[in-house]
Amino acid sequence: MKTTKKLWQSGVLTLSLLATSVMAAVSPDEAAKLGNTLTPVGAEMAGNADGSIPAWTGGLPANAGAVDPRGFLADPFANEQPLFTITAQNADQYKDKLTPGQLAMFKRYPDSYKMPVYPTHRSANLPAEVIAATKQNAVNTKMVEGGNGLENFQTANPFPIPQNGLEAIWNHITRYRGGSVRRLVTQATPQPNGSYSLVYFQDEFTFRDALTDFDPSKESNVLFYFKQRVTAPSRLAGNVLLVHETLNQVKEPRLAWLYNAGQRRVRRAPQVSYDGPGTAADGLRTSDNFDMYNGAPDRYDWKLEGKKEIYIPYNAYKLDSPNLKYSDIIKAGHINQDLTRYELHRVWHVTATLKSGERHIYAKRDFYIDEDTWQAALIDHYDGRGTLWRVAEAHAQYYYDKQVPWYTVETLYDLLSGRYLALGMKNEEKQAYDFNYKAAGSDYTPAALRQAGVR
């Protein structure tokens, strides 16, 4: 794949992680580019040379479309048609703008996998207070303890002008997803023939500074609090996972507890990290596959390869339609690609290579991170033999009414078994994401798990 010639309007160097205990922030002169030649989060403000990627002009307005009574958003691009469709038959023509994982999907499913490519819209923006925090982070935030923690960090996007791969990954880990949200989502793990059953979750995320009883005078290593209750099927209903997501997970490992509804018992869950099994995922994802990638980055060496122009899933409003049934989406081999939308965007390419002496089922990961949101859009996963094993695609949308970029559906395709996982669907649920959800610290204690698990 070709790397775009004009990689660094921001003067970013392609460096590996420096082996120092404290990583410096950028200079005020560099930070001054934010909101000028760079967007407020560090993307290139300008479009590309041929105009296929437009300039960023502020994203979609909050009133870009109607919001239905359940909270589902109207598709602001509903009248657009694909510019072209990439298939196994013509993929070679576009290979310089495709990832190895995407090319592997065309090879694995030559008759059904396709990518409808639409005009590019740089739709994302963030609230003013998050933009202000990002600019402060640029000159103040530093990585400490070999990159395992952050110092002087506020809210989101610690390194809008990243100097290395680990800084770029920290941007994904800490990116803005709304201060607090409750969501009802489903997960499917289809067999190769397309048969599947659904697992239903109620998730609650609250970032530390969105707690109703947040005290800014008290230092905290917690980034956010997460509670996930399984609501169906009946054999799993009532089981609850609670996580205190720490920033420096080497200094203070992620704190996790499980409430088992059958035993009516709360216990610590140290396996909820790294390559521990994902919740009710039938072995198809690891704990750190959730949200495309999460958790401590200490087991990998991170390298910033540069920027590329890649066709990535984007503006997935059609896939999120409340008029769809889950059976319309889940098909054999992969989700229904007729419902997807791909656009050409600039992405940061970051490789993660397992450190000598560390263990993880993924020996290498290739990340492709959207420059406008810091969300991982695509991740290729390799096993210990160097074989491309799993391909992750995140179908993202911008919740324009709340100024929150996030995912519609996360998919993780196992090229070897022919199975896959689709997580995050909410088409048939009674409510879309609730960004008005409020919670206090007391809602995220082990003592609160029993009540959360009542069937």
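Me: What makes helix α4 mostly covered?

Reply: Let's count its residues in this predicted model. Helix α4 spans residues 165–174, and ten of its ten residues are buried. A residue is called buried when its relative accessible area is under 20%. Among the residues of α4 that pass this test are G165, W170 and T174.

Me: How do you know that N164 makes a polar contact at the start of α4?

Reply: Look at the distance between the two atoms. A side-chain oxygen of N164 comes to within 3.3 Å of the backbone nitrogen of L166. The cut-off for a polar contact is a pair of N or O atoms within 3.5 Å, so this pair qualifies.

Me: Why is Q397 called buried?

Reply: Q397 has a relative accessibility of 3%, and the limit for buried is under 20%, so Q397 counts as buried. You will find this residue in strand β16, residues 388–399.

Me: Which side chain does the side chain of Q397 meet in a polar contact, and how do you know?

Reply: The partner is the side chain of T408, at 2.9 Å. With a cut-off of 3.5 Å, that distance fits the term. Q397 also touches other residues outside its own stretch of sequence, including L73, Y317, W406 and K426.

Me: What makes strand β9 largely enclosed?

Reply: Seven of the seven residues of β9, which covers residues 240–246, are buried, so the rest of the structure largely encloses this strand. In a regular strand, side chains alternate between the two faces of the sheet. Here both faces are covered: V240, L242, H244 and T246 are buried on one side, and L241, V243 and E245 are buried on the other.

Me: How do you know that β8 and β9 pair?

Reply: Count the bridges. Strand β8, residues 222–232, shares seven bridges with β9 in the antiparallel sense, and pairing needs at least two, so the two strands pair. One place to look is Y225, which stands opposite H244 in β9.

Me: What joins β9 to β10?

Reply: Five bridges join β9 to strand β10, residues 255–260, and the two run antiparallel. The rule asks for at least two bridges, so this counts as a pair as well. Within β10, L258 is the bridge partner of L241.

Me: What kind of peptide bond joins A232 and P233?

Reply: The bond is cis, with omega at about 5°. P233 sits in the loop between β8 and β9.

Me: Why is T155 called partly exposed?

Reply: Its relative accessibility is 26%, and partly exposed lies between the 20% limit for buried and the 50% limit for exposed, so the label fits T155. T155 lies in the loop between β5 and α4, and its phi is near 60°, a positive value in a residue other than glycine.

Me: What makes A280 partly exposed?

Reply: The relative accessible area of A280 is 33%, which falls between 20% and 50%, so A280 is partly exposed. A280 is in the loop between β11 and β12. Its phi is near 50°, a positive value in a residue other than glycine.

Me: Why is H381 called buried?

Reply: H381 has 0% relative accessibility, and under 20% is buried, so that settles it. H381 lies in strand β15, residues 376–382. Among the residues touching H381 are N289, Y362, W389 and L412.

Me: How do you know that R177 and D291 form a salt bridge?

Reply: Their side chains meet at 2.8 Å, N to O. A salt bridge needs the nitrogen of Lys or Arg within 4 Å of a carboxyl oxygen of Asp or Glu, so this pair qualifies. R177 is in the loop between α4 and β6 and D291 in the loop between β11 and β12, so the pair ties together parts 114 residues apart in sequence. Both R177 and D291 are buried.

Me: What makes E343 and R341 a salt bridge?

Reply: The closest N and O atoms are 2.7 Å apart, and the cut-off is 4 Å, so the term applies. E343 is buried at 0% relative accessibility, and R341 is buried at 6%.

Me: How many salt bridges does the whole structure hold?

Reply: A search finds 25. Some link up into a network, which joins E44, R122, K307, R346, E371 and D372.

Definitions and conventions:
Residues are numbered from 1 along each chain as its sequence is written. This is a predicted model: local features need pLDDT of at least 70, side-chain atom pairs count only at pLDDT 80 or more; totals for chains, interfaces and linings use all residues. Side-chain values use heavy atoms; hydrogens and water are left out. Buried means under 20% relative accessible area, exposed over 50%, partly exposed in between (1.4 Å probe, protein chains only). Helices (H or I, at least four residues) and strands (E, at least two) are DSSP runs, numbered from the N terminus. A polar contact is a pair of N or O atoms within 3.5 Å; within protein, one must be able to donate a hydrogen and the other to accept it, and residues adjacent in sequence count only if both atoms are side-chain atoms. Contact means heavy atoms within 4.5 Å. Lists of a residue's contacts leave out its neighbours within four places in sequence.
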